[in-house]
Amino acid sequence: MSLPPPVIVGAGPAGVRAAQTLVAYGLRPVVVDEAMRAGGQVYRRPPVGFQRSPGQLYGFEATRAASVHAAFDGLGDAIDYRPQTLVWNAQPGLLDLLDNATRIATSLPWHDLVVATGATDRILPVPGWTLPGVYSLGGSQVALKSQGCAIGRRVVLAGTGPLLYLVAYQYVQAGACVAAVLDSSSLADRVRAVPAMLGQPAVLAKGLYYMAWLASRGVPLHSRAQVVRIDGQDRVQALVWQQQDMQGDGPGAPGPQQHIECDAVGFGHALRSETQLADLLGCRFGFDAVQRAHLPLRDGAGRTSVAGVYLAGDGAGIMGADAAELAGERAALALAQQRGITVDHARAAAIEAQLERIGRFRAGLERAFPFPLRWAASAPDALVVCRCENVTAGELRGAVRDCGAAEMNRLKALTRVGMGRCQGRMCGVAAAEILAQASGVPLAEVGRLRGQAPLKPIPLGMQVAPEAGERS
């Protein structure tokens, strides 16, 4: 009996290169992706007929984006491509799918699976973040790339990480007004991190260029910036911030509060991996101290603890688009080899060496844009952490104080945090930080929210395809 074709979940840089590699070795993979067009978030493709050029959309990455897009388009019928399709459940040997265009549910058998689910924003809520006009940095970028529009007429971008400056650069390039960029990290953080980032000089140079270019255009760039609150009635009207050192154990000495008039805010503190599918598939996880997250474990080839399941790209740890392409290719080589196909071992070794170098650079980025360690202690009790279930920081602390909660799924059972439509994607990081701070339990030991189906909301009116039978 022949094996079912390999399956790739995600058509970002990792998924595209995985598909290209499998086709080169004579396999015809199924590529399942939620988006209408391949490219992922970083190389998101606009609708057909969109007027902005690749240079305007992707900046320095226009050539790389064009390469990824062309590689996927060139595969044609060599792959079974299923866009606008959500993987909402997974079990051994079977994926449950939903075609978002037709609302028809089907099941897809698998024997070998490359999970390339990418990343989303790492959100640390602030008072007022539920107001209309507040977006994540990634959401701000999606609006620009997919619809050619800014999130507001006068925008403040806040948080930390390379994405903060990239989005600011893209917005100003598009003609939008960026009133300020507020970075919780400090200039000293970035200077100390330079030696660790010299292994990727071109990437380092791009980051420095974005900052210098923004400053030359008159965009105010503020370091050690803590957002105090976002003000407004029916939508955002202003942002209040102050300079404060958010690192270390001491309280720091906050500066005076400053007020910026704006009608939109984009914020986020770097990225977090989308790990829910790997969780449902039974992959073993471990705590990554650098990324302050429990991540699925994999070897240098992308193999996981589950036979036939390979991980590639930011869904297994934030490494960036260049690393995602390499990891997608490496996972595909491992998959092909597992099927008895002779692969290029020299190429596989070279990829692993490149990924190690990028990993060292990635560690440097964490030093340049560190997590604001005092965020949990400074979050007021009234702050809404889980907007789906309207759970506040005070309720989370109350569950620790009154019920002895010291583990994430116990906290979820007591407060409903993470039970809403986002399944903890937006609130999970913040809830874990507050739980660790309030209980005195190390972050590594408070655990993680367990993944469960449906991974994302599915419509009540979805129809089950006849061939899927009772397995959907």
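What volume does the largest cavity have? About 570 Å³. The notes below start from that cavity in this predicted model.

1. **The cavity.** A search of the whole structure finds one cavity of 30 Å³ or more. R272, T275, H294, V429 and R448 are the closest to its centre, out of 35 lining residues. By type, the lining of the largest cavity splits into 12 nonpolar, 12 polar and 11 charged residues.

2. **Who builds the cavity wall.** Strands β17, β18 and β19 each give at least two residues to the lining of the largest cavity. Helices α8 (276–280), α10, α13 (408–415) and α14 each do so too. The largest share is four residues, and α14 supplies it.

3. **The second largest pocket.** Its volume is about 530 Å³. Of its 29 lining residues, D288, R298, A316, G317 and M319 are the closest to the centre. The lining of this pocket holds 14 nonpolar, seven polar and eight charged residues.

4. **Elements around the pocket.** At least two lining residues of the second largest pocket come from each of β18 (285–288), β19 (293–296), α9 (321–338) and α10 (345–368). Helix α10 gives the largest share here, six residues. Please view the two linings together: β18, β19 and α10 contribute to the cavity and to the second largest pocket.

5. **A cis peptide.** Most peptide bonds are trans. The bond from A453 to P454 is cis, with omega near -5°. P454 sits in the loop that runs between α14 (428–439) and β23 (463–464).

6. **Positive phi at R224.** Most residues other than glycine have a negative phi. R224 is not a glycine, yet its phi is positive, about 50°. R224 belongs to the loop between β12 (221–222) and β13 (225–232). Is R224 buried, exposed or partly exposed? Partly exposed: its relative accessible area is 32%, and the partly exposed class lies between the cut-offs of 20% and 50%.

7. **Positive phi at A270.** A270 is not a glycine either, and has a positive phi of about 70°. A270 lies in the loop between β16 (264–269) and β17 (271–273). Strand β17 is also one of the elements that line the largest cavity.

8. **Confidence.** Mean pLDDT for the protein is 93. A value of 70 or more is reached by 97% of the residues. Where does pLDDT stay under 50? Over residues 468–472, for which the model has 14 contacts beyond four places in sequence.

Key:
Residues numbered from 1 in each chain as written. Predicted model: local features only at pLDDT ≥ 70, side-chain atom pairs only at ≥ 80, totals over all residues. Heavy atoms only, no water. pLDDT = per-residue confidence, 0-100. Contact = heavy atoms within 4.5 Å. Buried < 20%, exposed > 50% of the residue type's maximum accessible area, 1.4 Å probe, protein only. 1 Å grid on protein atoms, 1.4 Å probe; cavity = no way out; pocket = protein on both sides within 12 Å on 5 of 7 lines; lining within 4 Å. Points joined across faces, edges and corners; volume = space filled by probe spheres on them. Nonpolar A, V, L, I, M, F, W, Y, C, P; charged D, E, K, R; others polar.
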